[in-house]
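Welcome, and thanks for taking a look at this one with us. Please have the sequence and the 3D view open side by side as you read.

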Amino acid sequence: MPKRRLCYLALVISFVALFQNAASIDYGAALTKSLLFYEAQRSGKLPPTQRVQWRGDSALTDGKDSGVDLTGGYYDAGDNVKFGFPMAYTVTMLAWSVVEFGPQLRARNELSNALRAIKWGTDYLIKAHVEPNVMYGQVGDGGSDHSCWMRPEDMTTPRTAYKIDEQHPGSDLAAESAAALAAAAIAFQESQPSYSSRLLNHAKQLFDFATKYTGKYHDSIPGAGQFYSSSGFEDELLWAATWLSLATNDKTYSDIVTKSTNFGGTRTMFSWDDKFVGAQILISKGVLEGKFKSENGNLEQAKQYGEEYVCNCMQKGNNNVRKTNGGLLWFQEWNNLQYVTTASFIITTYADILNAAKTTIQCPGGTVGPQDLITFAKSQVDYILGSNPKQMSYMVGIGSNYPKRVHHRGASIVSIKKDPSPVSCQAGFDQWFHRNADNPNVLDGAIVGGPNQSDEYSDERENYQQSETATANIAPFVGVLARFA
Ligand SMILES: *[C@@H]1O[C@H](CO)[C@@H](O)[C@H](O)[C@H]1NC(C)=O
């Protein structure tokens, strides 16, 4: 065959392959697995409804040394520490997913699973909030936990509990927890009204605590600083006030939002540390729906900042987010996908908001409408689920080509149900971490850090910047997948 025709044929075949790949993406399966992931991250006594069967009960005495019950909640990532700051944020994003895409979740029969995922977090946050101005913000110690490779079910590492109080404040942690509980209060309003009002009471107290006793939480819980240091708390205060305003319709909170003097400017990313974009988009929605009345036009400013972030993601702004050659938004080397899932959530959500308000965004690079946003968000979702140069799904359990060696203690060691003999701190490294074999347990629904800037990925447990997952990565994707399923 002439060379040119061969080239042409190859081009046609690759187009067909690409199309088939995109057409065969099963968003419904990805949605189901995204919620299963939260069952795999559960700490504490597992309920009879537990579906992820390779996990067992764990950390049943958390909090005991401090005289409180701190069992439950979520292990943060590939480790077994319960980091309160990203955990609260994860719960907020799960709740926002339900608030925005509840009907779609219900239509896919996943609403109750999503509410269970939220409740596993909110039950814990309520327990951790032991007094109006006292909250436990961490169980376990990053240093000692990370120096062992153990299943949660038989870990022997210290489970020290750390708290914030009036003398050791943590406005970011308290306000993020308030945001989580207020957002969850909206998610539960219909199905469990009394639980919803309980959540709201805690949210209000935590918000008061956050505003009266100000400081960064990692100054009060120094061990957290190495892993989840907070860049500031003004974003959490604004975000919490916005959620409380939406949950209560109380003027106290909408006044705080309306009179705010710091809307954060145009952000470069939305993450467990920086919630300004989330607040800006919620405020934009409130403005477009007429819920927030803009005095002096300052809410218009917040809306503009949020839209500038969206424009930059859409490659139509003044400071566009980089993209890989394969088309993935590129924020940073370590755990890039966490920023892609938040961007996808914001863009998908904002598409529906613009659609309802029958309006568009005027970006520096041109007008952007709801359909443009949906098309773009879908390109990111499809990339994550396998439509990419490596033809690999970065969500575990989707298709056949996905990360098999996720940096994750529980998934990489034989299930305690199969082999109950304890795996010690060092044996975990020797026999399981360094083993040249796939993880014995499939961590369905986990989204790993993802490919590097060259769209490359090496599936190795040692490569934690790319092969680790975290609870914060997936929560925004729950809503996005519900929208596309
Ligand atoms: C991406 O990863 C591949 C394979 O692991 C490596 O060869 C390449 O240098 C990396 N690129 C960048 C930009 O880090």
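The notes below walk through a sheet, the nonpolar cores, the ligand shell and one helix residue.

## About the model

Before you start, please keep in mind that this is a predicted model.

## A three-stranded sheet

Let's begin with the strands. Three of them form an open sheet in the order S1-S2-S3, and their pairing is antiparallel. The edges are taken by strand S1 (82-83) and strand S3 (161-164), each of which pairs on one side only. As general background, the strands of a sheet pair through backbone hydrogen bonds, in either a parallel or an antiparallel way.

Strand S2 covers residues 135-139 and is joined to S1 by two bridges. If you want to find these on screen, look for Lys 82 with its bridge partner Val 139 in S2, and for Phe 83 with Gln 138 in S2. On the other pairing, S2 and S3 are antiparallel over four bridges; Tyr 136 stands opposite Lys 163 of S3. S2 is also mostly covered, with five of its five residues buried.

## The nonpolar cores

The largest nonpolar core holds 143 residues, and Ala 178, Ala 182, Ala 184 and Ala 240 have the most contacts inside it. Helix H6 (residues 171-188) is the top contributor to this core, giving 14 residues. There is also a second, separate core of six residues, including Met 150, Ile 413, Val 423 and Trp 432.

Which residues does Ala 178 touch, not counting those up to four places away in sequence? The list is Ala 203, Leu 206, Phe 207, Ala 210, Ala 240 and Leu 244. Ala 240 is thus a handy residue to highlight: Ala 178 touches Ala 240, and both are among the residues with the most contacts inside the core.

## Around the ligand

Five names are worth selecting here: Asn 452, Gln 453, Ser 454, Glu 456 and Ser 458 surround the ligand. Sorted by class, this shell has four polar residues, one charged residue and no nonpolar ones.

## A residue in helix H2

Our last stop is Ala 29, which lies in helix H2 (residues 27-40). Why does Ala 29 count as partly exposed? Ala 29 is placed in that class because it has 18 C-beta neighbours inside 10 Å, whereas a buried residue needs 20 or more and an exposed one has 12 or fewer.

For a sense of distance, try Ala 29 together with Thr 252: these two are 223 residues apart along the chain, and their C-alpha atoms are separated by 42 Å.

Definitions and conventions. Residues are numbered from 1 along each chain as its sequence is written. This is a predicted model: local features need pLDDT of at least 70, side-chain atom pairs count only at pLDDT 80 or more; totals for chains, interfaces and linings use all residues. A residue is near a molecule or strand if its C-beta atom, placed from the backbone, lies within 6 Å of it. Ala, Val, Leu, Ile, Met, Phe, Trp, Tyr, Cys and Pro count as nonpolar, Asp, Glu, Lys and Arg as charged, and the others, Gly among them, as polar. Two strands pair if DSSP finds at least two bridges between them. A nonpolar core is a set of buried Ala, Val, Leu, Ile, Met, Phe, Trp, Tyr and Cys residues joined through C-beta atoms within 7 Å. Two residues are in contact if their C-beta atoms, placed from the backbone, lie within 7 Å.
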